[in-house]
Amino acid sequence: AASKILVSACLIGQKVRYDGAANESAHPVLLRWLEAERVVPFCPECAGGLPVPRPPAEIVGGVGMDVVLGHAAVRTRNADVSEYFLKGAQAALARCEELGIRVALLKARSPSCGSTQIYDGSFSRTLKEGEGVTTALLRQHGIEVFSEDEFELADQALGR
Ligand code: SF4
């Protein structure tokens, strides 16, 4: 069977974002993957036990790998929610390992799914370079992670 790809559930229209919305993409590459039944939808924050809707969260004091290593936290304005984000990242990795998935296409700028930029922890909509917690854990285990700005690159990686 053709190899599968882990895709952020919000990108295929599941209303799992913190604010109860989706980020549905109609990119032709995604539609082709869906048609071929290669897409494994996954929302790390839901898998980690967080509800929809939920308060927005940002990584404070580092980037995704710092959270994995216990050196930074994912926080809402009031609480440390690192535990949920770590549990979700581990569930994403387990799903990839179970299905032999080597490529993921995840939503940009999320504290879980972001792959090049995330919000900087000041809750002022300010971006910084870095990746989310799930992306960091997947990459640490050799899984290639792309964003919705990189469908073509992900498609090439998947075809290899
Ligand atoms: Fe989408 Fe990832 Fe946020 Fe879930 S955790 S809503 S899949 S960006």
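Q: Which way do β1 and β2 run, and how many bridges join them?
A: In this predicted model, strand β1 (residues 5-8) and strand β2 (residues 39-42) run parallel, with 4 bridges joining them. You can walk along the pair: Ile5 stands opposite Val39, Leu6 faces Val40, and Ser8 has Phe42 across from it.

Q: Where do the side chains of β1 point?
A: Start with the general idea: side chains in a regular strand alternate between the two faces of the sheet. In β1, Ile5 and Val7 point one way, while Leu6 and Ser8 point the other way. Are they buried or exposed? All of these residues are buried.

Q: What does β1 make with helix α1 and β2?
A: Together, β1, helix α1 (residues 28-35) and β2 make a right-handed β-α-β unit. Pick Leu31 if you want a residue to look at in helix α1. Leu31 counts as partly exposed because it has 13 C-beta neighbours inside 10 Å, and the buried class needs 20 or more. For a sense of scale, the C-alpha atoms of Leu31 and Lys128 are separated by 31 Å, and the two residues are 97 apart along the chain.

Q: In what order do the strands of the open sheet come?
A: Read across, the order is β2-β1-β5-β8, which gives 4 strands with parallel pairing. The edges are β2 and β8 (144-146), each of which pairs on one side only. On average, neighbouring strands of this sheet are turned by 25 degrees against each other, direction ignored. On the β5 side, β1 is joined to β5 by 2 bridges, again in parallel, and Val7 has Leu105 as its bridge partner in β5.

Q: Which helices lie across these strands?
A: Take two of them. Helix α4 (residues 82-99) lies across β1 and β2, and runs at about 160 degrees to β2. Helix α6 (residues 151-159) lies across β1, β5 (103-105) and β8, running at about 160 degrees to β5.

Q: How many of the residues of helix α5 are buried?
A: First, the general idea: an α-helix has 3.6 residues a turn, so residues three or four places apart point the same way. Now the case here: helix α5 (residues 133-140) is mostly covered, with 6 of its 8 residues buried. The buried ones are Val133, Thr134, Thr135, Ala136, Leu137 and Leu138.

Q: What do the buried residues of α5 pack against?
A: The list takes in helices and strands: α2 (44-47), α3 (64-68), β4 (73-75), α4, β5 and β8. Just after α5 you also meet Gly142, with a positive phi of about 85 degrees.

Q: Which backbone angles should I check in the loops?
A: The general idea is that most residues other than glycine have a negative phi, and most peptide bonds are trans. So look for departures from that pattern. The peptide bond from Val52 to Pro53 is cis, with omega near -5 degrees, and Pro53 sits in the loop between α2 and β3 (58-60). Phe123 isn't a glycine, yet it has a positive phi of about 55 degrees. Arg125 is another residue other than glycine with a positive phi, near 60 degrees.

Q: Where do Phe123 and Arg125 lie?
A: Phe123 lies in the loop between β6 (117-119) and β7 (127-129), and Arg125 is found in the loop between β6 and β7. As for burial, Phe123 counts as partly exposed because it has 14 C-beta neighbours inside 10 Å. Arg125 counts as exposed because it has 8 such neighbours inside 10 Å.

Q: Which residues are around the ligand?
A: From the early part of the list, you have Ser8, Ala9, Cys10, Val16 and Arg17, among others. The shell also includes Cys43, Pro44 and Glu45, along with Lys107, Ser110, Ser112 and Cys113. Ser8 links back to where we began, since Ser8 stands opposite Phe42 in β2.

Q: How does the shell around the ligand divide into nonpolar, polar and charged residues?
A: The split is 6 nonpolar, 3 polar and 3 charged.

Methods:
Residues are numbered from 1 along each chain as its sequence is written. This is a predicted model: local features need pLDDT of at least 70, side-chain atom pairs count only at pLDDT 80 or more; totals for chains, interfaces and linings use all residues. Two strands pair if DSSP finds at least two bridges between them. A crossover is right-handed if, with the strands pointing away from the viewer, the path from the first strand over the helix to the second runs clockwise. A residue is buried if 20 or more other C-beta atoms lie within 10 Å of its own, exposed if 12 or fewer, and partly exposed in between; C-beta atoms are placed from the backbone. A residue is near a molecule or strand if its C-beta atom, placed from the backbone, lies within 6 Å of it. Ala, Val, Leu, Ile, Met, Phe, Trp, Tyr, Cys and Pro count as nonpolar, Asp, Glu, Lys and Arg as charged, and the others, Gly among them, as polar. Axes are lines fitted to C-alpha atoms, for helices over the stretch in contact, and angles run from 0 to 180 degrees between N-to-C directions. Two residues are in contact if their C-beta atoms, placed from the backbone, lie within 7 Å.
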